Amino acid sequence: MTRSIKPLVAGNWKMNGLKADLAIAAGVAKGYDAALKPSVDLAICPPASLLFAATAALIGSRIATGGQDCSTQGSGAFTGEVSAAMLADAGASFCIVGHSERRTLHGETNATVKAKAEAAQKALLLPIVCVGETKDEREAGKALAVVKKQLRGSVPDGATPATLVVAYEPVWAIGTGLTPTAADVAEMHEAIRAELGRLLGKQAAAGVRLLYGGSVKPSNAAELMNVANVDGALVGGASLKAEEFLAIARACAG
Ligand code: PGA
């Protein structure tokens, strides 16, 4: 944890959730009590189809919502795409970009991710730019180099803590129950902060929230969140259960 930074725990529902599942968001809101609010920010990123309703369900809770992806384009003939302005109009404050599922399943390059992050910023959304190495890359000793290259290619120029969140998500840890060691997370997050310092200047980099993501659960959250330079979590599977998501938030609040 970087003590001067208020941590953020963001839930990525992925392609899960129908109207009835807004009860999960309501459950999170119910447990986000006066003790938790000053210590940790929360965001829920439901599928785009639920964004408007989820934001409405969370009014008054101080829990933000976010999209899971956005178009690089502002508007026009792009069938099936959702623009950052549309997400903002539906109530979002955040937008995940460059998630590994987008990078691998949809062939998104660093340049695409950067364009999406810039589109999000333009719509006054806070992009959560995801980076992370594959299992092969880690085993080949290339994890740091891969992630630094992703940062150089994906992070918008001139970003500040008010316009950028970064999430380190090792691809091999997503949805697998596997997590890196605390020492590996510490090494990576320190390297990410240093690379951001080179890209954005030390002062800006010092305040950017660096989330860890990949099989974060109530049982491992405290250990992961206590690592230096970890300023919160990006949570997939466990964000679909209000009690688990809240337990992770509590671990993050310290
Ligand atoms: P997981 O997903 O928590 O289910 O591993 C994390 C993510 O993909 O953001």
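Which residues does Glu108 touch, not counting residues up to four places away in sequence? The views below start there and then move on through this predicted model.

**View 1. Glu108 sits in the loop between helix 4 and helix 5.** Leaving aside residues up to four places away in sequence, Glu108 touches Asp69, Gly98, Arg102, Arg103, Val113 and Lys116. Look for the pair formed with Arg102: the two side chains make a polar contact of 3.1 Å. Glu108 counts as buried because its relative accessible area is 8%, and the limit for that class is under 20%. Two of the residues that Glu108 touches, Val113 and Lys116, are themselves buried residues of helix 5, which is the subject of the next view.

**View 2. Helix 5 covers residues 110-122.** The 13 residues of helix 5 should span 18 Å at 1.5 Å a residue, and the C-alpha atoms at its ends are indeed 18 Å apart, so expectation and model agree. Buried positions in this helix are Val113, Lys114, Lys116, Ala117, Ala119, Ala120 and Gln121. If you follow what covers these buried residues, you will meet helix 3 (84-89), strand 4 (94-97), helix 4 (100-105), strand 5 (126-131) and helix 7 (143-154), among others. Just past the end of helix 5, have a look at Leu124, whose phi is positive, at about 65 degrees.

**View 3. Lys114 of helix 5 pairs with Asp157.** Here we zoom in on one residue of the helix shown above. Lys114 is among the buried residues of helix 5. The side chains of Lys114 and Asp157 are joined by a polar contact of 3.2 Å. Setting aside residues up to four places away in sequence, Lys114 touches Gly153, Ser154, Val155, Pro156 and Asp157.

**View 4. Leu87 is a buried residue of helix 3.** Helix 3 is included in what covers the buried residues of helix 5, and Leu87 takes its place in helix 3. With a relative accessibility of 3%, Leu87 counts as buried. Its contacts, not counting residues up to four places away in sequence, are with Leu51, Gly67, Asp69, Cys70, Val82, Ala92, Cys95 and Leu125. Asp69 may look familiar, since Glu108 touches Asp69 too. For a sense of scale, the C-alpha atoms of Leu87 and Thr65 are 9.5 Å apart, with their positions 22 residues apart in sequence.

**View 5. The ligand has 13 residues around it.** Those that come nearest are Lys14, His99, Glu169, Gly175 and Ser215. By class, this shell is made up of four nonpolar, seven polar and two charged residues. Three polar distances are worth picking out. A side-chain N or O atom of Glu169 is 2.7 Å from an oxygen atom of the ligand. At Gly175, a polar backbone atom is 2.6 Å from a ligand oxygen, while at Gly236 a backbone N or O atom lies 2.8 Å from a ligand oxygen. On its own the ligand has 290 Å² of accessible area, and the protein covers 97% of that.

**View 6. Lys202 belongs to helix 9 (residues 202-207).** After several buried residues, here is an exposed one: Lys202 has a relative accessibility of 72% and therefore counts as exposed. Lys202 and Ala247 are 45 residues apart along the chain, and their C-alpha atoms are separated by 33 Å.

Terms used: Residues are numbered from 1 along each chain as its sequence is written. This is a predicted model: local features need pLDDT of at least 70, side-chain atom pairs count only at pLDDT 80 or more; totals for chains, interfaces and linings use all residues. Side-chain values use heavy atoms; hydrogens and water are left out. Helices (H or I, at least four residues) and strands (E, at least two) are DSSP runs, numbered from the N terminus. The expected span of a helix is 1.5 Å times one less than its number of residues. Buried means under 20% relative accessible area, exposed over 50%, partly exposed in between (1.4 Å probe, protein chains only). Contact means heavy atoms within 4.5 Å. A residue is near a molecule or strand if one of its heavy atoms lies within 4 Å of it. A polar contact is a pair of N or O atoms within 3.5 Å; within protein, one must be able to donate a hydrogen and the other to accept it, and residues adjacent in sequence count only if both atoms are side-chain atoms. Accessible areas come from the Shrake-Rupley method with a 1.4 Å probe; for residues, only the protein chains shown count as cover. Ala, Val, Leu, Ile, Met, Phe, Trp, Tyr, Cys and Pro count as nonpolar, Asp, Glu, Lys and Arg as charged, and the others, Gly among them, as polar.
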